[in-house]
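User: Please take a close look at the salt bridges of chain B and at what surrounds them. I would like one connected account rather than a list.

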Amino acid sequence: MACTHDHSCEDHDCSSNWSLYKHIDLSKVTALNEANPGSVKSVFKAWEERLNSSGEHLESNEGDPELLVYIPFTSDVKIKSISVVGGADGTSPSKLRVFINRDGIDFSDAQSMQPVQEWDLVENLQGVLEYQTRYSKFQSVANITLHFPESFAGDTTQIHYIGFKGEATQLKRDVVATIVYEITPNPSDHKTRAETGGGLSHVE
Amino acid sequence: MVLEATMICVDNSEWMRNGDYSPSRFQVQADAVSLVCGAKTQSNPENTVGILTMAGKGVRVLATPTSDLGKILSCMHGLEMGGEMNLAAGILIAQLALKHRQNKNQQQRIIVFAGSPIKHEKKALEIIGKKLKKNSVALDIVDFGEEEDGKPEKLEALLASVNNNDASHIVHVPPSQNALSDVLISTPVFTGDGEGGSGFAATTAAAAAGGVSDFDFGVDPNIDPELALALRVSMEEERARQEAAAKKAAEEASSQEKGEDAQPQSDSQNATSTATEKVSDPMDEDDLLKEALALSMNIPGSDSSAGDAQMSEASNDDQELALALQMSMQDGSKESSAPSDVSKVLGDQSFMSSIISSLPGVDPNDPNVKNLLASLPGQSESQQKKDEDEKPKDEK
């Protein structure tokens, strides 16, 4: 198994480096302009599976190679590098632009906004290439949006695997997870100190 | 219960003045819009709905997506009709309004009411549809109002280019007696994708469908238990009364055989009872008529109280008392005079007809009423009454 490390991979398992996929909140992953809704979730898998194209893959609509993938994480992560395995026959994406910690981006936003970083991709059918990030900008990533504006052939874009290398912190961004809505106040929930008998003064 | 932000595009062009949907196209559209808003906000409390108009001076957003139903409905008030509908601009601006929704987790949906002719080309509509599909916006189209050549095809092409996994729908509504909202209730516009009917849709369908109902009397006991109970009780009362009337007729028939002296009375009673029975069987108004006659009997001739009592008692359901009275009549000497007194009063046709015509809901030309009138006066005309007896029996 070829690897960009300058040592042989039999000693250690490269896949542990690419384990950030475990921290992806798969239920909230969305993509725009995908041909089959929900197929985007199939591109996040373990390193060993990256060449396994028997299952689903992400494909854009006919005649339109643009793809926009929104990936939220379950906790803040630091991303060191990104790897993308595209499809054959020119369906691999040729460019990648990423946006950090912005949700609700659509195509008009993505085309007009300045990305945090962008790369010119190469056809990477064996999954050996990784694209390093400017690490300082990717220190606390709660969600990332990948914009693939075009592919090599220009017709459609296919993506079989997207991998992230880095480390996960245990921190979460300020997300209000549990909210208790109170329609009518329950006095027992709002005991004051006087009622519970605290304090020096005592009111009958 | 999909979390959705919806923009409704309302057509307020000049074509909406037409009355081929009653009362007017604009009114049925407004009703449908309020129904859609209610359905959306009920299916999920966090859903938001917004409205914009496509015609007039230009596309105008009346309300951005909000969950406040009152605000949305108040926007529909006082809308002016005029100008031409601009479908493309309407859809694009709706998409823009959805893009800037507050809760990005909501799915985007546009509902278009297309009532006037479409001046855009099919190609342009398809490009718009592709753009919506790319940004995963669903589109529902309500095709009603003006029927122009090529309009359904254009709208179907638009739908095909937007449709992603059957999230978008189109409904063609031709002019008919049914209101637009009734037609829409059963369509996926309300029921959503594969939900098979939200609770709102089901209850409104039950209410709107009217006679088509699984419940007795067309009233859902769940919705209105008191009304259902009242209807059931009155049905049973009517049934009991009819049974009593039938029993009384049988009684009169049997008492008729008892005494020939009582023949005229029993004949008259029989005639009246059969007439009243026949009368009371079908309709409540004849029931009222019978009781009104009974009441009017009580007013004149208080001295001939026995005869009046006899008449009124016979009209009431108290057949045993009537029998007793009749037996006493047979013994009494007043028997010949009493009926004649009564018959004199009843024989006054003009008096009777004036009373009857003053009763509400009674048509003097009604054959039942005529028979009743004819059967009342003249005990000596027992032959005629026998004919009357044949006639009601034949009619039965």
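Analyst:
**Salt bridges in chain B**

In this predicted model, E84(B) and K119(B) form a salt bridge whose closest N and O atoms are 3.7 Å apart. The pair links distant parts of the chain, 35 residues apart: E84(B) lies in the loop between α2 (69-76) and α3 of chain B, and K119(B) in the loop between β4 (107-114) and α4 (122-134) of chain B. E84(B) counts as partly exposed because its relative accessibility is 47%, a value between the cut-offs of 20% for buried and 50% for exposed. K119(B) is also partly exposed, with a relative accessible area of 49%.

A second pair has both partners buried. The side chains of D140(B) and R109(B) meet in a salt bridge with an N to O distance of 2.8 Å. This pair, too, links distant parts of the chain: D140(B) sits in strand β5 (residues 137-143) of chain B and R109(B) in strand β4 of chain B, 31 residues apart. D140(B) has a relative accessible area of 0% and is therefore buried; R109(B), at 4%, is buried as well. The two belong to one network, in which salt bridges that share partners join E4(B), K40(B), R109(B) and D140(B).

A third salt bridge joins the side chains of D20(B) and R25(B), at 2.8 Å from N to O. Here the partners fall into separate classes: D20(B) is partly exposed at 29% relative accessibility, whereas R25(B) is buried, with a relative accessible area of 2%. In general terms, side chains of opposite charge can pair when their charged atoms come close. Over all chains, the structure holds 18 salt bridges.

Some of these lie between chains. The rule finds four salt bridges across the interface of chain B and chain A. One of them is formed by the side chains of K99(B) and D109(A), 3.0 Å from N to O. The contact takes eight residues from chain B and twelve residues from chain A. Between them the two chains bury about 850 Å², with 46% of that area on carbon and sulfur atoms.

K99(B) falls within the residue range of helix α3 (residues 87-99) of chain B, and L92(B) has its place in the same helix. L92(B) belongs to a nonpolar surface patch of about 190 Å², made together with V61(B) and I93(B). L92(B) counts as partly exposed because its relative accessibility is 35%. From V61(B) the patch leads to a pair of strands: V61(B), in β3(B), is the bridge partner of L52(B). Strand β2 (residues 48-53) and strand β3 (residues 60-66) of chain B run antiparallel and are joined by four bridges. They form a hairpin with six residues between them, and G56(B) in the turn has a positive phi of about 75°.

As for the chain that carries these features, the secondary structure of chain B comes to 17 helices and six strands. Of its 396 residues, 47% count as buried. Chain B exposes about 19100 Å², of which carbon and sulfur atoms supply 53%. Among contacts in chain B between residues at least 6 apart in sequence, 72% join residues at least 24 apart.

How values were computed
Residues numbered from 1 in each chain as written. Chains lettered and ligands numbered in written order. Predicted model: local features only at pLDDT ≥ 70, side-chain atom pairs only at ≥ 80, totals over all residues. Heavy atoms only, no water. Patch = residues over 30% accessible without salt bridge, like charges linked within 9 Å, V, L, I, M, F, W, Y side chains within 5 Å. Areas by Shrake-Rupley, 256 points an atom, 1.4 Å probe, with all protein chains shown as cover. Helix = DSSP H or I, 4+ residues; strand = E, 2+ residues; numbered from the N terminus. Buried < 20%, exposed > 50% of the residue type's maximum accessible area, 1.4 Å probe, protein only. Pairing = 2+ DSSP bridges. Contact = heavy atoms within 4.5 Å. Buried area = accessible area lost by both parts, 1.4 Å probe.
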